[in-house]
Amino acid sequence: MRTVFLPCAAAALFLLGCATASGDAGQEPVLQVRIINFNFETVRVTWSPRRYSGTNLTFVYKLSSDEASRPCCNYIVHEGHTAGCLLEARKDEILCFSLGNGTDVLFRKCEWISAYLKPSSPEDLSFRWHEDAVTVTCSDLPYKRLLYEIQYKSIFDTEWQSKEGETCNVTMQGLDSEKCYFFRARVKTLESSYGSDTYPSDWSKVTHQQRGELRDSCQDKKLFPKFILICGMIALLTVSLLLLSLWKVRRLHKCLMPSVPDPKLTFPGLFELHRGNFQEWIKDTQNVSHVAKTEATEQECVPEETLVVQLQKAEAEMPIVTTGPLCPPVEGEEASGDTSLVACQPPQGGEVVSLGGFTFVMTDNSYMLL
């Protein structure tokens, strides 16, 4: 839609006809009309042109402060035809208007313009932080019986949270100053005072606040390492709990259903060579063990070349004739040459040791170093 200005003289003829026109009581309106009062500054009246497509309807109105009715001088044009009218307003007044097609009056109505009030959006929001709360203030509108709604959310929230007050001085509790928050505000009317046909104001521009400071946006990079750290710790804890659960389940499974040992590991060759015939396997195993044991015994019994010393018991009835350091020859014997008459008798109570052609007598207190 766009707004155009038509000369007031173009509706002069219709003004004479509609100033005293009256519709039938209880007659249903033939047009859909919408009225919006923008903060008691401008009143916009629009109608649906579909039923009267291709027709320029005329709009005549009169405010309670006016002396006479007058035609619209500021039409709203849609697709080349009139679709609404903009009126200037200074205060809450009664608006009476009529819509006509030529000399036919199609619609007539009288209403307080406050019944269609749409307040202006709050401006210049200010924030005052104190611990875990923030107070939002702005300039109040010049008229009363309004509700100021403040909405806020953090970057971790998906929906807006609201707080209302009758003045633009609203405090919200339970906020974390370390988080970045979005704030916006609007104004609504009290239905008990203005009725149900009013409109809330448009939302104010979204403001970003963190640590009591105004920010351009809530894409704070300082929050990401902390967020990633928290997510990493949660993931690590989840994995640890999962592994602990698996270990507990495995342990419980072992307690309830103990594992059966595999005989392949305990009896090598039982299934590979004997196809599970334990009798054949045990015979083969015994033969192998006996042979291995015999070979091991033979290896252990290999004789070593050692010096062998024979100990012989000296027999009293057997004379020992010898020559050596223990029995030196007698001069008389050597002269006569008869060695059989005199024999060297070993001492009694000892053992005779023969070593390298020599004979020694060992007693209990003697020893020999080889």
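**Entry 1: the loop with R211**

I started at R211, which sits in the loop between strand 17 and strand 18. Before going on, a note to myself: this is a predicted model.

I looked up the backbone of R211 and found phi near 55 degrees, a positive value in a residue that isn't glycine. Is R211 buried, exposed or partly exposed? I get a relative accessible area of 34% for R211, so I wrote down partly exposed.

Next I checked the two strands on either side of that loop. Strand 17 covers residues 207-210, and 3 bridges join it to strand 18. The two run antiparallel. I picked one bridge to follow by eye: H208 has R215 as its bridge partner in strand 18.

**Entry 2: the sheet around that loop**

Which sheet has strands 17 and 18 in its order? I traced an open sheet of 5 strands, in the order 14-13-16-17-18, with antiparallel pairing. I went to the edges and found strand 14 (161-165) and strand 18 (213-215), each pairing on one side only. I also noted the twist: neighbouring strands here are turned by 35 degrees against each other on average, ignoring direction.

A reminder I jotted in the margin: strands of a sheet pair through backbone hydrogen bonds, either parallel or antiparallel.

**Entry 3: a three-stranded sheet**

Then I moved to an open sheet of 3 strands, ordered 11-12-15 and again described by antiparallel pairing. Why is one side of strand 11 and of strand 15 left without a neighbour in the sheet? Strand 11 (126-130) and strand 15 (169-172) stand at the edges with a single partner strand each, so one side of each stays free of a neighbour in the sheet. For the twist I have 20 degrees on average between neighbouring strands, direction ignored.

I counted up the ladder between strands 11 and 12 too: 5 bridges join strand 11 to strand 12 (residues 133-137), and the two run antiparallel. To find the register on screen, I used F127, whose bridge partner in strand 12 is V136.

**Entry 4: another positive phi**

I also looked at N39. Phi of N39 is near 55 degrees, a positive value in a residue other than glycine. Where is N39? I found N39 in the loop between strand 2 (33-38) and strand 3 (42-47). N39 has a relative accessible area of 12%, so I put it down as buried.

**Entry 5: disulfides**

How many disulfides does a search of the whole structure find? I got 4. I went through three pairs, one at a time.

*C96 and C110.* I have the sulfur atoms of C96 and C110 at 2.1 Å apart, forming a disulfide. The torsion about their S-S bond is about 125 degrees, so I noted this disulfide as right-handed. The pair links distant parts of the chain, with C96 in strand 8 (residues 94-101) and C110 in strand 9 (residues 104-112), 14 residues apart. I checked exposure at both ends: C96 is partly exposed at 27% relative accessible area, and C110 counts as partly exposed at 47%.

*C138 and C168.* A disulfide joins these two as well, with an S to S distance of 1.6 Å. Why is it right-handed? I read a torsion of about 115 degrees about the S-S bond of C138 and C168, so the disulfide is right-handed. C138 lies in the loop between strand 12 and strand 13 (146-154), and C168 in the loop between strand 14 and strand 15, so the pair ties together parts that are 30 residues apart in sequence. I found both C138 and C168 buried.

*C180 and C218.* I have C180 joined to C218 by a disulfide, S to S 2.1 Å. With -75 degrees about the S-S bond, the link of C180 and C218 is left-handed. The pair links distant parts of the chain: I found C180 in the loop between strand 15 and strand 16 (181-189), and C218 in the loop between strand 18 and helix 3 (223-256), 38 residues apart. Are C180 and C218 buried or exposed? C180 is buried with a relative accessible area of 0%, and C218 counts as buried at 4%.

**Entry 6: one more cysteine**

Last, I looked up C231. At 34% relative accessibility, I logged C231 as partly exposed.

Definitions and conventions: Residues are numbered from 1 along each chain as its sequence is written. This is a predicted model: local features need pLDDT of at least 70, side-chain atom pairs count only at pLDDT 80 or more; totals for chains, interfaces and linings use all residues. Side-chain values use heavy atoms; hydrogens and water are left out. Two strands pair if DSSP finds at least two bridges between them. Helices (H or I, at least four residues) and strands (E, at least two) are DSSP runs, numbered from the N terminus. Axes are lines fitted to C-alpha atoms, for helices over the stretch in contact, and angles run from 0 to 180 degrees between N-to-C directions. Buried means under 20% relative accessible area, exposed over 50%, partly exposed in between (1.4 Å probe, protein chains only). A disulfide is a pair of cysteine sulfur atoms within 2.5 Å.
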